[in-house]
Amino acid sequence: MPKTKKTLTEVNLSAPQYYFSRELSWLEFNHRVLQEALDPKTPLLERLKFLAIFSANLDEFFMVRVAGVKKQVEARVTQLTPDGRTPQEQLEAICHKLRPSVALQHQQFDKILRFELAQVGVYILDYMDLNQEQRNYLQHYFEKQIFPVLTPLAVDPSHPFPYISNRSLNLAVVIQDPETKEEFFARVKVPKVLPRFVALPLESSQYQGYSNNLETQNQTQNSKRKTIWLGVPLEQVIAHNLASLFPGMNIRECHPFRITRDADLSVQEDEADDLLSAIEQELRKRRLGGCVVRLEIQATTSETVRQTLMQELSLNQNDVYEVEGMLGLGDLMYFMNLPLPELKDTPWSPVVPPRLRRLAGLNGGGFDSQDEEGEDFFSVIRNGDLLVHHPYHSFSATVQRFITQAACDRDVLAIKMTLYRTSGDSPIINALIAAAENGKQVVVLVELKARFDEENNIQWARKLEQAGVHVVYGLVGLKTHTKVVLVVRREDDRIRRYFHIGTGNYNPKTARLYTDLGILSCREDLGADLTDLFNYLTGYSRQRSYRKLMVAPVNLRDRMISLIRREIQHCQNGASGRIVAKMNALVDPQMIAALYEASRAGVKIDLIVRGVCCLRPGIEDISENIRVISIVGRFLEHSRIYYFQNGGLEEVYIGSADWMTRNLDRRVEAIAPVEDASLAKDLQEILGVMLADNCKAWELQPDGTYIQRRPPENAKEQSAQKILMDMALQSAGLA
């Protein structure tokens, strides 16, 4: 019997009940990060690292997202979000959602991880745990190393409340004049120029005491274990030596606090004659900081101090976050430097793709421009497109190598490149400078508005310009987020274009931590498209059509919508429809509505969305054919892959854009088809490995929560990132 076609009723796919809050979805993502810190299977120091990442993520969330919502409240914005909330309702929902996660984070550190660290000889102690010898040592250390750096600031009628810098840790001190009995408020900043944790001499460990947090019943057992590190937080050393800062006064109270300010950067480009100078001015404003958006205090802080801080910083109760224990857990990253490899992930060394192994100098070390048979990097690309997958593949032996060889190759005439973020000691920058010095035409589009990398990019822009590189800053009103390099080379009697199109930044450091993909190719159509794209970026081109590329904000949105609707058409014609998409975030309402339409038509859709996902899966008659997973592991999932079944004529794309409104409408992005059939199959295999993950994958539920997948009983554990590492080793003949 033929399957009866389901009759669909008309539905308003823009209705708020079909969308999750962007802000709350982000908090769900960060909660998944926190779960890595809670997972006993995660190596101990890696658990500390994930606590630090959770904190750093929250800082940025408040500096950008919460700050933006608060501005909307102040501006009396009434427009509802796609999920139907006012700005004020968003703030209240954020507060309600976040507090349990923050409490869980601090409980995990203070009650569990500190004890487990002590079990392996790492003692993060409280000052009250120390014996007299250790206190004497710290007093001497304070006098010699800390005291000269401190500046106590009083608050009274002649001293206004001091400026508190963004993300700074401070001590709120209440002092009393012993003669007049009058009390005063003072602030002492904990200096960032000093290490957050003060190490004690290891020989003093035999005298150390233990608080209840470190389980006194295990004292005898712990005392027999070798001490690796022993110390206390810097703010506690300062707090217990305040008498030196306020001689002759009585110290009545001392409470640590930490603030977060609005740090978003706003530049009116159409009014800025010199964009670089305008952004430098905005950076100076950011250093001073905008309005305070969050106050972190310890739960033991007195009501008097709390009210003083709230009043002086213009905060309400929802802006205050009480924690048990130490503030600023982002500083726990300090302990990743400890020489305890057994408490960290097994080190990973990226491999060289098989086709490049001869060029990598594997037998003699270093990198050669040619092997003994005369093959160079460009001939490898001429022999076929090359797919690179970082950090499984070496960035230095692939993308960086491509750029550095182009810089010194005598037949290369021009190099054109976009730079969104790069490292502080980037070999790529040095290669571009060398290329200009070698007389090549070098054009670099430096995105000055890359959030929190503006200052770094300004420095690189100036350095490149001084070397003779043509530096441009992109288009008014648009960030240039695309990741492309174009190399123009003279070969016999023709000009050939080589290029890299990727999903990640040209940053050797993050290439070891983020998963990203790239294609190295010399296909004529894509090379011509990239020439048109650079003309669009550097000149006055109004290019509206491209041969192969999907470019935002030109045609990317329309092309993606048409690819989704093509799958709908296949279903309506009696065939099957299938979409698999991997990205960092899915936010855009129009794209979500198109996916709902596809689901209703019978298209089977799998979405691998690392972070924010505003689509609500599993709703009957709306999204019952859509499954959403998120993978959080040792590497940050950053690659974007888009697969469309197309009735058997499968198409796979990679590029820089997520399905977010900003990527589709307010950024320059490039998505490219992967036309080599074997590479397209490789990408489908990567998607398959991701979808089969039952260790680090979390599945989004219709109510907005995520459930972590676990292998069925007696089934094999499948961690996508572990499998991809094994596959890389096998391909390189190292497994």
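The exercises below walk through a predicted model of one protein chain, each with a worked solution.

**Exercise 1. Describe the chain as a whole, and find where the model should be read with caution.** 

Begin with the overall make-up: the chain has 735 residues, and buried residues make up 57% of them. Its secondary structure comes to 18 helices and 27 strands. Next, consider how the contacts are spread along the sequence: among those between residues at least 6 apart, 74% join residues that are at least 24 apart.

Then turn to confidence, where the mean pLDDT of the chain is 88 and 87% of the residues reach 70 or more. Two stretches call for care. Over residues 207-224 the pLDDT stays under 50, and the model has 36 contacts beyond four places in sequence for this stretch. Over residues 362-369 the pLDDT also stays under 50, with 17 such contacts in the model. Where pLDDT is low, the predicted coordinates should not be read in detail.

**Exercise 2. Work out the strand order of the six-stranded sheet, and state which strands stand at its edges.** 

Start from the order, which is β2-β4-β3-β7-β8-β9 in an open sheet with mixed pairing. The strands β2 (153-155) and β9 (320-323) each have a single partner strand, so they stand at the edges and one side of each is left without a neighbour in the sheet. Neighbouring strands here are turned by 30° against each other on average, when direction is ignored.

Now look at one pair inside this order: β3, residues 169-176, and β7, residues 250-261, pair in the antiparallel sense over eight bridges. As an example that can be found in the structure, Ile175 has Ile251 of β7 as its bridge partner. Finally, add the helix that lies across this sheet: α8, residues 303-312, crosses β3, β4, β7, β8 and β9, and it runs at about 170° to β8.

**Exercise 3. Explain how the three-stranded sheet is put together around β6.** 

The order β1-β6-β5 describes an open sheet with mixed pairing. Because β1 (122-124) and β5 (197-199) each have a single partner strand, they stand at the edges, and one side of each lacks a neighbour in the sheet. On average, neighbouring strands of this sheet are turned by 25° against each other, direction ignored.

The mixed pairing can be followed strand by strand. On one side, β1 and β6 (residues 229-233) run parallel and are joined by three bridges; here Tyr123 stands opposite Leu230, and Ile124 has Gly231 as its bridge partner. On the other side, β5 and β6 run antiparallel, joined by three bridges, and the bridge partner of Ala199 in β6 is Gly231. As for covering, five of the five residues of β6 are buried.

**Exercise 4. Decide whether helix α10 is largely enclosed or not, and then follow the pairing of strand β15.** 

For the helix, residues 399-408, the count is eight buried residues out of 10, so α10 is largely enclosed by the rest of the structure. The buried residues are Val399, Gln400, Arg401, Phe402, Ile403, Gln405, Ala406 and Ala407.

For the strand, β15 spans residues 483-491 and is mostly covered, with eight of its nine residues buried. It pairs with β11, residues 412-419, in the antiparallel sense over five bridges, and in this pair Ile415 stands opposite Val487 of β15. With β16, the strand β15 is joined by nine bridges, again running antiparallel, and Lys483 has Gly502 of β16 as its bridge partner. The hairpin of β15 and β16 has two residues between the strands, and in it Asp492 takes a positive phi near 55°.

**Exercise 5. Locate the largest cavity and name the elements that line it.** 

Rolling a probe the size of a water molecule over the atoms shows where empty space is left. In this structure there is one cavity of 30 Å³ or more, and the largest cavity has a volume of about 110 Å³. To find its position, look for His390, Phe395, Gly504, Asn505 and Asp516, which lie nearest its centre among the 15 lining residues. The elements that give two or more residues to this lining are β16 (494-502) and β17 (514-521). Of the elements, β17 gives the most, with four residues.

Methods: Residues numbered from 1 in each chain as written. Predicted model: local features only at pLDDT ≥ 70, side-chain atom pairs only at ≥ 80, totals over all residues. Heavy atoms only, no water. Pairing = 2+ DSSP bridges. Axes fitted to C-alpha atoms, helices over the stretch in contact; angles between N-to-C directions. Contact = heavy atoms within 4.5 Å. pLDDT = per-residue confidence, 0-100. Buried < 20%, exposed > 50% of the residue type's maximum accessible area, 1.4 Å probe, protein only. 1 Å grid on protein atoms, 1.4 Å probe; cavity = no way out; pocket = protein on both sides within 12 Å on 5 of 7 lines; lining within 4 Å. Points joined across faces, edges and corners; volume = space filled by probe spheres on them.
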